[in-house]
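Subject: Structure for you to look at

Dear colleague,

I am passing on the structure we spoke about, with the sequence alongside. Please open it first, and then read the notes below with it in view.

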Amino acid sequence: MGSYYLIIGVVFLLSMWIQYRLKSKFEHYSKLHLRNGMSGKEIAEKMLRDNGITDVQVISVPGQLTDHYNPANKTVNLSEGVYMQRNAAAAAVAAHECGHAVQHKVGYSMLEFRSKMVPAVNIASNLMQWILMGGIAVMAMSGNKTVLAIGVVLFAITTLFAFVTLPVEYDASNRALAWLEKSGTVSREEHDGAKDALKWAARTYVVAALGSLAQLIYFASMLMGGRRD
């Protein structure tokens with residue numbers, strides 16, 4: 001299992017570095033106050049109106065990095081800081097989450113595909129670690145690979161979900177940045193700050209997807225008779 005722990009270690013360190021850079025970027029751009037004085041809530045509401053979306057509510061939710069769009073009840077959920085603050089970082093997050101609402105309205109195919117995957121991913125996420133470990137034990141004792149194969153399939157579902165998430169997140173950011181620029185809601189400096197912040201946020205998804213793929217390859221090679229060190 002040495003190779004597996006090496007993969008986990010590399011992914012963990014890279015993820016920690018990305019998270020550190022992301023946090024520092026958002027702290028920096030949180031000090032870049034918007035000239036128009038709009039809060040994250042007001043920016044979100046304006047972007048929704050400009051895109052003809054009248055049935056989505058912007059609400060505040062507790063915590064940090066809890067911002068998300070819920071297509072089930074059509075709400076843009078902004079963390080308390082983003083909801084109230086009036087800076088480039090808040091503008092970036094608020095517009096990004098509204099980007100998902102726009103995707104929902106126009107029927108963006110990757111968002112729809114991702115939403116359909118959620119039930120299967122929830123099941124796979126809850127079971128795969130136990131099945132993988134059990135499958136490795138069964139294979140070591142009897143040579144039977146069936147349980148491990150099931151675990152690999154479940155892991156593949158979660159890995160596919162991670163990669164499907166990438167275009168969804170990048171597209172939402174692109175929609176957000178395009179609107180921020182076209183609407184004149186932010187200045188050039190503020191737009192550049194929002195773009196930089198969203199770039200680092202997107203990289204957290206890239207690392208997660210690549211880490212999942214690396215682990216999937218490891219377990220798949222074990223299943224196919226590769227190294228198990």
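What share of the contacts in the protein chain with a separation of 6 or more comes from residues 24 or more positions apart? The figure is 71%, and please keep in mind, here and throughout, that this is a predicted model.

To begin with the whole chain, there are seven helices and three strands, and from the N terminus on the elements run α-α-β-β-β-α-α-α-α-α. The C-alpha atoms fill a box of roughly 70 × 35 × 30 Å when this is taken along the principal axes. Of the 229 residues in the protein chain, 44% are buried, and the accessible surface comes to about 12,000 Å², with 62% of that surface belonging to carbon and sulfur atoms.

The sheet is a good place to look next. Its three strands form an open sheet with mixed pairing, in the order β1-β3-β2. Because β1 (57-61) and β2 (68-70) stand at the edges and each has a single partner strand, one side of each is left without a neighbour in the sheet. Neighbouring strands are turned by 30° against each other on average, if direction is ignored.

The two pairings can be followed residue by residue. β1 and β3 run parallel and are joined by five bridges, and within this pairing V58 has V76 in β3 as its bridge partner. On the other side, β2 pairs with β3 (residues 75-79) in the antiparallel sense over three bridges, and here N70 stands opposite T75 in β3. The hairpin of β2 and β3 has four residues between the strands, and K74 takes a positive phi near 50° in it.

Is β3 itself enclosed or open to the outside? Five of the five residues of β3 are buried, so this strand is largely enclosed by the rest of the structure. The cover extends to both faces, since T75, N77 and S79 on one side are buried, as are V76 and L78 on the other.

Turning to the helices, α5 (residues 109-142) and α6 (residues 146-183) pack at an angle of about 150°, with their axes 6 Å apart. The crossing in which α5 passes α6 is left-handed, and the contact of α5 with α6 has, by class, 26 nonpolar, seven polar and one charged residues.

One residue of helix α7 (residues 188-223) also deserves a look, namely W200. With a relative accessibility of 6%, W200 counts as buried, because the cut-off for that word is under 20%. Which residues does W200 touch, if those up to four places away in sequence are not counted? They are W17, I18, R21, L22 and K25. As for L22, this residue and W200 are 178 residues apart in sequence, and yet their C-alpha atoms are 5.4 Å apart in space.

If you have time for a few places in the viewer, I would suggest β3 with its buried residues on both faces, then the left-handed crossing of α5 and α6, and then W200 in α7.

With best wishes

Note on methods. Residues numbered from 1 in each chain as written. Predicted model: local features only at pLDDT ≥ 70, side-chain atom pairs only at ≥ 80, totals over all residues. Heavy atoms only, no water. Pairing = 2+ DSSP bridges. Helix = DSSP H or I, 4+ residues; strand = E, 2+ residues; numbered from the N terminus. Axes fitted to C-alpha atoms, helices over the stretch in contact; angles between N-to-C directions. Left-handed = near helix turned anticlockwise from the far one by under 90°. Nonpolar A, V, L, I, M, F, W, Y, C, P; charged D, E, K, R; others polar. Buried < 20%, exposed > 50% of the residue type's maximum accessible area, 1.4 Å probe, protein only. Contact = heavy atoms within 4.5 Å. Areas by Shrake-Rupley, 256 points an atom, 1.4 Å probe, with all protein chains shown as cover.
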